[in-house]
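Here is a short set of exercises to work through with the model open beside you. Try each task on your own before you read the solution under it.

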Amino acid sequence: MPSVKIKKHAPDNDMTPFVDVAFLILSFFMLATKFKPEEPIEVTTPNSVSSAVLPEKDAFMVSIDKGGRVFVSVDNPQFRQVLIDNLNKTRNLGLTPAEMKNFINAPSVGVPFSQLKSLLSLDPELETTKNVVKQQPGIPCADSTGGELYFWVRDALVAYSGRKLNLLIKSDNDTKYPVFKNVLNAFKKNDQNKFLLVTSPEDAPPGTSLYETREKQINKK
Amino acid sequence: MSSIEGGGDDGGHKKGPGVKKAKKMSTRVDMTPMVDLGFLLITFFIFTTTMAQPTAMNLFMPKDVDKPEDQNKVKESGAFTILLGKQDIVYFYEGLDPATEGNFRTATFKTIRDEIIRKKQSTKVDDLVIIIKPSEDATYKNTVDILDEMTISEIKRYAMVDISPVEYQLVKITEGAAGIK
């Protein structure tokens, strides 16, 4: 009997290219991802045309949220240690070494000095602590001398003495101007007049002189 | 499912008689769980990734001076003051006196750029100074936006200073007349 072979088609189609692409995308995202530490406040920064890259090292960041609460963070743990040591001495906070260690691991801090000890004495692993951290009242800075933020800035400058400290201000779109002014004031009282405002990138609008300058620069290259 | 190896039953070599065929194991591996996991990870990384790196905007503030004679004087012809009010509305005037008839005008962030460009073209480069005065009702976004306009129009000299009571009063009156709360 002549056997006519009918080629059997597999009911399932070949997934290999599909999987290849999927894993390519996966590896791309894995490499491109940078994990952000969890911040106690949410800040949506405004857009700007400036193209300067945000410095990541030696940064002293003041964040202001929608409601005008002011938070402070320092990136380098080594300097955090010096900073909290200084503050402990100059402001008589009476912190224990364990509490200072909590500060070093904390993302950003936004409490008056009077509450700093009680905030840092909490166990950072507990769920209740996370709520407390989210509800920090912010560092007071509402008077003409810059309030308590003045001391934070001063001691941060002492801790970074001899090195360039990048002063970053990260503020929310809806923050009212007076709060921002108070923060600037606290820096100015420390003779700091150069700041970096954290913004999201945006293209220069076409037809403007900045746009033309940038076009020329690109063409030169 | 993907086939890793075709495994030909029409392969080249012929088995002799009596040679037992080795039992063929399926070379196909079920990839479904792996793909599932792969896509799960993709979704995870897509959500956690921050694509746009934040940029930094330079801001230089003038040092506070106590003595009025240390302050820089601005030429009447080159001064252009921008006041930031409520609800993303800006006010501006040329020269030093906001109270002159018709001098104090209202603009939005869209129209202020044309005004800046007009002033820039009609004034000598060395004379032009833009003074930015955010009022208490302005938001941080307004402040950054107006500083951005300076960069966009390539204004070399500008300063951010506090609003004076007279100017704030004018802003209030104009806002009241326009019914802005």
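A residue counts as buried if 20 or more other C-beta atoms lie within 10 Å of its own, as exposed if there are 12 or fewer, and as partly exposed in between. Keep in mind throughout that this is a predicted model.

**Exercise 1. A serine in a strand**

Task: Locate A:Ser171, and decide whether A:Ser171 is buried or exposed.

Solution. Start with the place: A:Ser171 belongs to strand 5 of chain A, which covers residues 166–171. Next, count neighbours. A:Ser171 is classed as buried because 30 C-beta neighbours fall inside 10 Å. Now look at who is there. Leaving aside residues up to four places away in sequence, A:Ser171 touches A:Val43, A:Ile64 and A:Phe180, and also B:Tyr140 from chain B. Finally, pick A:Arg69: 102 residues separate A:Arg69 from A:Ser171 in sequence, while their C-alpha atoms are 9.9 Å apart in space.

**Exercise 2. An aspartate in a loop**

Task: Apply the same cut-offs to B:Asp88, then check the backbone of B:Asp88.

Solution. B:Asp88 sits in the loop between strand 2 and strand 3 of chain B. Its 14 C-beta neighbours inside 10 Å are why B:Asp88 counts as partly exposed. For the backbone, begin with the usual case: most residues other than glycine have a negative phi. B:Asp88 is not a glycine, yet its phi is positive, about 60°. The loop closes a hairpin of strand 2 and strand 3 of chain B with 4 residues between the strands, and B:Gln87 in the turn also has a positive phi, of about 50°.

**Exercise 3. A covered strand**

Task: How many residues of strand 3 of chain B are buried, and which way do they point?

Solution. Strand 3 of chain B runs over residues 89–94, and 6 of its 6 residues are buried. For the directions, recall that side chains in a regular strand alternate between the two faces of the sheet. Here B:Ile89, B:Tyr91 and B:Tyr93 point one way, whereas B:Val90, B:Phe92 and B:Glu94 point the other way.

Then look at the neighbours in the sheet. Strand 2 of chain B (residues 79–84) is joined to strand 3 by 5 bridges in an antiparallel arrangement, with B:Thr81 opposite B:Tyr93. Strand 4 of chain B (residues 105–108) is also antiparallel to strand 3, over 4 bridges, and here B:Ile89 faces B:Thr108.

**Exercise 4. Two chains meeting**

Task: Describe the side of chain A that touches chain B, and find the helix that gives the most to it.

Solution. First, the extent: 52 residues of chain A are in contact with 40 residues of chain B. Elements of chain A that each supply at least two residues to this side include helix 1 (16–32), helix 7 (177–188) and strand 6 (194–201). Helix 1 of chain A gives the most, with 9 residues. By class, the residues on this side of chain A are 28 nonpolar, 15 polar and 9 charged.

Second, follow helix 1 of chain A to helix 1 of chain B (residues 32–48): the two axes come within 9 Å and cross at roughly 35°. The crossing is left-handed. Residues making the contact include A:Phe23, A:Leu26 and A:Met30 from chain A, and B:Phe39, B:Ile42 and B:Phe45 from chain B. In this helix contact 13 residues are nonpolar, 1 is polar and none is charged.

Third, look for strand pairing across the chains. Strand 2 of chain A and strand 1 of chain B (residues 55–60) run antiparallel and are joined by 2 bridges; A:Ala52 has B:Ala56 as its bridge partner.

**Exercise 5. Into the core**

Task: Which residues touch the most other members of the largest nonpolar core?

Solution. A useful starting point is that nonpolar side chains tend to be buried together in soluble globular proteins. The largest nonpolar core has 64 residues, and A:Val183 and B:Ile82 touch the most other members. Helix 7 of chain A gives the most to this core, with 7 residues. Now select B:Ile82 and, passing over residues up to four places away in sequence, list its contacts: among them are B:Val90, B:Phe92, B:Ile112, B:Ile130 and B:Lys133. B:Val90 and B:Phe92 are familiar from Exercise 3, where both point the same way from strand 3 of chain B.

Methods. Residues are numbered from 1 along each chain as its sequence is written. Chains are lettered from A and ligands numbered from 1 in the order in which they are written. This is a predicted model: local features need pLDDT of at least 70, side-chain atom pairs count only at pLDDT 80 or more; totals for chains, interfaces and linings use all residues. Two residues are in contact if their C-beta atoms, placed from the backbone, lie within 7 Å. Ala, Val, Leu, Ile, Met, Phe, Trp, Tyr, Cys and Pro count as nonpolar, Asp, Glu, Lys and Arg as charged, and the others, Gly among them, as polar. Two strands pair if DSSP finds at least two bridges between them. Axes are lines fitted to C-alpha atoms, for helices over the stretch in contact, and angles run from 0 to 180 degrees between N-to-C directions. A crossing is left-handed if the near helix is turned anticlockwise from the far one by less than a right angle, and right-handed if clockwise. A nonpolar core is a set of buried Ala, Val, Leu, Ile, Met, Phe, Trp, Tyr and Cys residues joined through C-beta atoms within 7 Å.
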